[in-house]
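Student: I should like to understand how the descriptive terms for a protein model are justified. May we take them one at a time?

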Amino acid sequence: MAQPNPLTTPPPGTDTYAGKGEILHPAEKHAFPPFETHTFLAQIVWLALAFGLLYYLMSKIALPRIQGILHDRATRLSADLDEAQRMKSEADAAGAAYEKSLADAQGKAREIAQETRNALSAEAETKRKTLEAELNQRLAASETTIRGRTEQAMGNVRTIAGETATAIVERLTGQAPDQASVERALNATAH
């Protein structure tokens with residue numbers, strides 16, 4: 001007969017298997033081990049020792065480290081928040097200074113533009129008045145010249161008209177009219 005395998009075959013007296021293919025029924029019914037009363041005192045002692053050791057380790061090693069980490073973190077957060085507040089204040093001050101300088105520059109630009117507009121307008125007005133005065137002088141001179149030439153031309157026309165009238169009358173009648181009658185006729189037609 002073959003030797004039973006100690007790894008797969010439980011020792012005699014256990015409540016799992018008795019042998020090949022047979023299910024063993026427990027010879028005795030045992031309670032859940034933590035609830036067995038004959039081991040209760042030992043369990044309480046071990047619980048107290050384990051709890052005490054855990055309490056000691058937590059209070060002396062783990063909790064001080066955690067407390068130090070939390071304190072360092074709170075200190076770093078506080079310093080970072082203070083630094084952020086300081087930087088925000090600086091940024092706000094820089095922004096306000098920028099806005100003020102921008103407003104000042106815009107105001108100065110408006111003033112310069114208005115001054116330039118006024119200067120150009122005054123210069124244009126001066127040039128316009130000068131040009132207008134020069135044109136008025138030229139116009140007056142031209143009118144005087146035109147009037148003089150018109151009078152001269154009219155004088156020439158009167159002379160030509162008188163000569164032409166004398167020539168026509170002489171040709172039609174055969175005799176030259178007297179100068180006084182030609183002057184009277186010219187005066188009557190001129191008005």
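Tutor: Certainly. Leu54 lies in helix α1, and this helix covers residues 40-173. The model is a predicted one, in which local features need pLDDT of at least 70 and side-chain atom pairs count only at pLDDT 80 or more, while totals for chains, interfaces and linings use all residues. Residues are numbered from 1 along each chain as its sequence is written, and side-chain values use heavy atoms, with hydrogens and water left out.

Student: What makes a stretch of the chain a helix or a strand, and how many of each are there?

Tutor: Both are DSSP runs numbered from the N terminus: a helix is a run of H or I with at least four residues, and a strand is a run of E with at least two. The chain has 2 helices and 2 strands, in the order β-β-α-α from the N terminus on.

Student: Where does α1 bend, and how is the bend defined?

Tutor: The bend at a residue is the angle between two fitted axes, one for the seven residues ending there and one for the seven starting there. At Met58 this angle is about 45°. Just after α1, Gly174 has a positive phi of about 90°.

Student: What does the UniProt record place at residues 40-58?

Tutor: The record, an unreviewed entry, places the feature "transmembrane region" there. UniProt positions are given in the numbering used here, feature names are shortened, and annotations may be inferred rather than shown by experiment. In the model, this stretch is 100% helix and 0% strand, with its end C-alpha atoms 26 Å apart.

Student: Why is Glu123 called partly exposed, whereas Lys127 is called exposed?

Tutor: Buried means under 20% relative accessible area, exposed means over 50%, and partly exposed lies in between (1.4 Å probe, protein chains only). Glu123 has 43%, so it is partly exposed; Lys127 has 54%, so it is exposed. In α1, Gly107, Gly162 and Thr166 are buried. Of the 191 residues of the chain, 3% count as buried.

Student: How do you know that Lys127 and Glu123 form a salt bridge?

Tutor: A salt bridge requires a side-chain nitrogen of Lys or Arg within 4 Å of a carboxyl oxygen of Asp or Glu. The closest N and O atoms of Lys127 and Glu123 are 3.4 Å apart, and the pair therefore meets the criterion. Side chains of opposite charge can pair when their charged atoms come close. Lys127 and Glu123 are 4 residues apart in helix α1, so about one helical turn separates them.

Student: Which further pairs meet the criterion?

Tutor: The search of the whole structure finds 8 salt bridges. Among them, Glu134 and Arg138 meet at 3.1 Å, N to O, and Glu90 pairs with Arg86 at 2.4 Å. Glu90 counts as partly exposed because its relative accessibility is 44%, and Arg86 does so at 38%. Glu83, Arg86 and Glu90 are linked in a network of salt bridges.

Student: What makes a group of residues a nonpolar surface patch, and which residues form one here?

Tutor: Patch residues have over 30% relative accessible area and no salt bridge; like charges are joined within 9 Å, and nonpolar side chains (Val, Leu, Ile, Met, Phe, Trp, Tyr) within 5 Å. Leu54, Met58, Leu63, Ile66 and Leu70 make a nonpolar patch of about 450 Å².

Definitions and conventions. Areas by Shrake-Rupley, 256 points an atom, 1.4 Å probe, with all protein chains shown as cover.
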